[in-house]
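Here is a short, friendly briefing to read with the structure open beside you. Take it one topic at a time.

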Protein chains: 2
Amino acid sequence: MTLFSTYFLMDTEEIKSYVKENISFMRDATQLEATEIGDGNLNYVFRVKDMDSGKSVIIKQAGHTARISEDFKLSTDRIRIETRALQLAAERTPELVPEIYLFDEVMSCCAMEDLGDFTIMRAALMEHRIFPHFAEHISTYMAENLLPSTDVVMEHKVKKATVKNFINPELCEISEDLVFTEPYFNQNNRNIVQSENAQFVQEQLYDNKPLHLEVAKLKYLFLTKAQSLLHGDLHTGSIFITENETKVIDPEFAFYGPIGYDVGNVIANLSFSWVNGQAQQQDEFTRWIEDTIRDTIDLFGAKFKEVWKREALELFAVKSDAFMDFYLQDILSDSAGMAGLEMNRRIVGLAQVKDITELEHTKHVQAEKLCIQIANRFILERDTLQTGEDFVRVLHDLKEDFS
Amino acid sequence: MTLFSTYFLMDTEEIKSYVKENISFMRDATQLEATEIGDGNLNYVFRVKDMDSGKSVIIKQAGHTARISEDFKLSTDRIRIETRALQLAAERTPELVPEIYLFDEVMSCCAMEDLGDFTIMRAALMEHRIFPHFAEHISTYMAENLLPSTDVVMEHKVKKATVKNFINPELCEISEDLVFTEPYFNQNNRNIVQSENAQFVQEQLYDNKPLHLEVAKLKYLFLTKAQSLLHGDLHTGSIFITENETKVIDPEFAFYGPIGYDVGNVIANLSFSWVNGQAQQQDEFTRWIEDTIRDTIDLFGAKFKEVWKREALELFAVKSDAFMDFYLQDILSDSAGMAGLEMNRRIVGLAQVKDITELEHTKHVQAEKLCIQIANRFILERDTLQTGEDFVRVLHDLKEDFS
């Protein structure tokens, strides 16, 4: 009988015992130190380090409520979903995700590789650091992980079982509300808009009927299009990065949805960096962001076709190149639309991004407006955005002088 | 301890004991008679009648293999899915489904109302009988049952739980193969085509690349579009009918899919009756079929909008009439495409329909060809088929002299 045979929320002392008991390479450690390092909204994250050997491990535990609020009840099933999603990604792209050491259903926690040398990509981008391999890495991550879980590659009965395993009602609900609804209705009166832009937001988001129709179509794709096992929250805060390596983390929002939702999240968050760079006259950085957006889309398309040609099993997918082309066009159109949705929600919704909010006030106001303009173009013109250059052209069309 | 506490396949004697033990209104019956009346491919169906009172009940039991072949292994979960789907339909439209008396998970059987006075609609239509209320009934069945399980009406977390409950891998696989694949590739070499039409089928179905692209799109809607809890097999053999009443039965193929799959199945099977009536110069009957196709589509659309206006809860659905119109257009386009798929598969695929196969040979050959022509128009022109009249116009355009 171990201490850890029934669930409780662990503190730093208990975490150390847990690690000694469960992680083989820590069994004989005598100098363990544990620190709570989580800064997310939902879970508790501990780094446990053996000061003798220098070895370390990350323990992530889910509570029955969100970390930010006792009132926010949330099933601990999210940690199962996150761990299983990372394990699946590790089968295809071990170099692009942290290694999982264990998943503990009783304690609702997992142990994973410590990425101590990595930086959260959003923070690095706010310092205008350049990561020349990022487009290569993220396009590989998406093509290699997203296509194999579709009906193109996966046997359909296995796919249906996987859909069932990743039904994720509570975390999807967060996206359904915050990404797909509140930015257009502000029905809970908790949107945050700079007062200078209040009228603009009223016209462009709340009263914009043609936009509402297109957003509704995209929302129902999110609700109904069980295309692929997504990461579900693939923004630059879910990516750890160094000069040479990229690691995707935190897929607790994983579920079967439209591939464009993941691709669009990457593009949207790169676009925030572009606006931030523009606002601060970081020309080399913004040029690199443009290249990265262009390459992410085009490399994703090329790698997607490679995986398709190599692994497609469904008969139409095997026999019809026209269908492959249609399928990719459809993903890119969804991607543009979802990128626009992510941009709008991060500008006016509850969960804003520091890339924009930490600009000095005048630039913040101008950047907010620019992001909404880009977002609405992405949404309304999504069927015409089919290459990386098409996405970059929208940014260029709307480029502004921030001086 | 009852005889029925572990699963076994019941014979007529055991069925009688089962009924006495489990059906309250049969408890005191002394003159029970039981007959196996099933003619489907999968399950065993018994009518148990009390010769004293005249009361009767239907028991449907699922085996671990299909009724037609010991080699065809199939989960008995299908009887749970069928019973639950009928119970859900009974909440909305009790007059349009048989009453369920019990579901027995252990014995994998259900007990339901005996529809002894009803006729299978396909058989009645082959006698060119006219059912003036059918369009009214089936449009009510579809509008009242299909919309409430969508994200338009159903709370999204409840909907996701319902999706999970109705994941139906084995029966969906049958449709994926027989409806969406084999008619276009004949890869298992078991399609059945009249030799006179071999060349025509080769060109129009097997070698028709533009058609393959559209069929592939529709197949992936079936695989991925978790829009609504469907019946899943809504042909005229799944409908019991009398002069004044209509009962939909056998929803064991129920799963979350595109609404157009159900609507399209109804239209396709009415179209077979139309071709049958044409082939036999049954003018009054074919005119009634045309009216019924027209009314089924138009009444479905009108009732669908009524249910939407009355029950929509999702915010875009509540606020945007343009979105409601788009959503219905999308369903009608899917319906036309799925109608075409059902027609092709019933003509060249393994599971053919008597409406066509029982025509005398020359007419059979001509009807086969005509059905494929109608089917391909439905598939290729589906985006333009938006009213009942649009569907009927395709039939009129292709009308042939069978004399």
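## A buried charged pair

In this predicted model, Glu342(A) has a relative accessible area of 0% and is therefore buried (under 20% counts as buried, over 50% as exposed, and in between as partly exposed, with a 1.4 Å probe and protein chains only). Arg346(A) is buried as well, at 8% relative accessibility. Residues are numbered from 1 along each chain as its sequence is written, and chains are lettered from A in the order in which they are written. Local features need pLDDT of at least 70, side-chain atom pairs count only at pLDDT 80 or more, totals for chains, interfaces and linings use all residues, and side-chain values use heavy atoms, leaving out hydrogens and water.

**Salt bridges**

- Side chains of opposite charge can pair when their charged atoms come close.
- Glu342(A) and Arg346(A) form a salt bridge, with their closest N and O atoms 2.8 Å apart (the cut-off is a side-chain nitrogen of Lys or Arg within 4 Å of a carboxyl oxygen of Asp or Glu).
- These partners, Glu342(A) and Arg346(A), are about one helical turn apart because they sit four residues from each other in helix α13 (residues 321–348) of chain A; helices are DSSP runs of H or I with at least four residues, strands are runs of E with at least two, and both are numbered from the N terminus.
- In chain B, Arg346(B) forms a salt bridge with Glu342(B), also with 2.8 Å between the closest N and O atoms, and both residues are buried.
- Glu381(B) and Arg377(B) join in a salt bridge at 2.7 Å, N to O; Glu381(B) is partly exposed at 29%, and Arg377(B) is partly exposed at 22%.
- A network of salt bridges links Arg92(A), Glu144(A), Arg310(A) and Glu311(A).
- Over all chains, the structure holds 60 salt bridges.

**A small sheet in chain B**

- The strands of an open, antiparallel sheet run in the order β8-β10-β11 (chain B), where pairing requires at least two DSSP bridges between two strands.
- Strands β8 (119–120) and β11 (246–248) of chain B are at the edges with a single partner strand each, so one side of each has no neighbour in the sheet.
- Three bridges connect β10 (residues 239–241) of chain B with β11(B), and Ile239(B) has Val248(B) as its bridge partner in β11(B).

**How the two chains are related**

- Chain A superposes on chain B (RMSD 0.0 Å) after a rotation of 180 degrees with 0.0 Å of shift along its axis, using least squares on the C-alpha atoms of residues with pLDDT of at least 70 in both.
- The two copies are therefore related as by a two-fold rotation axis.
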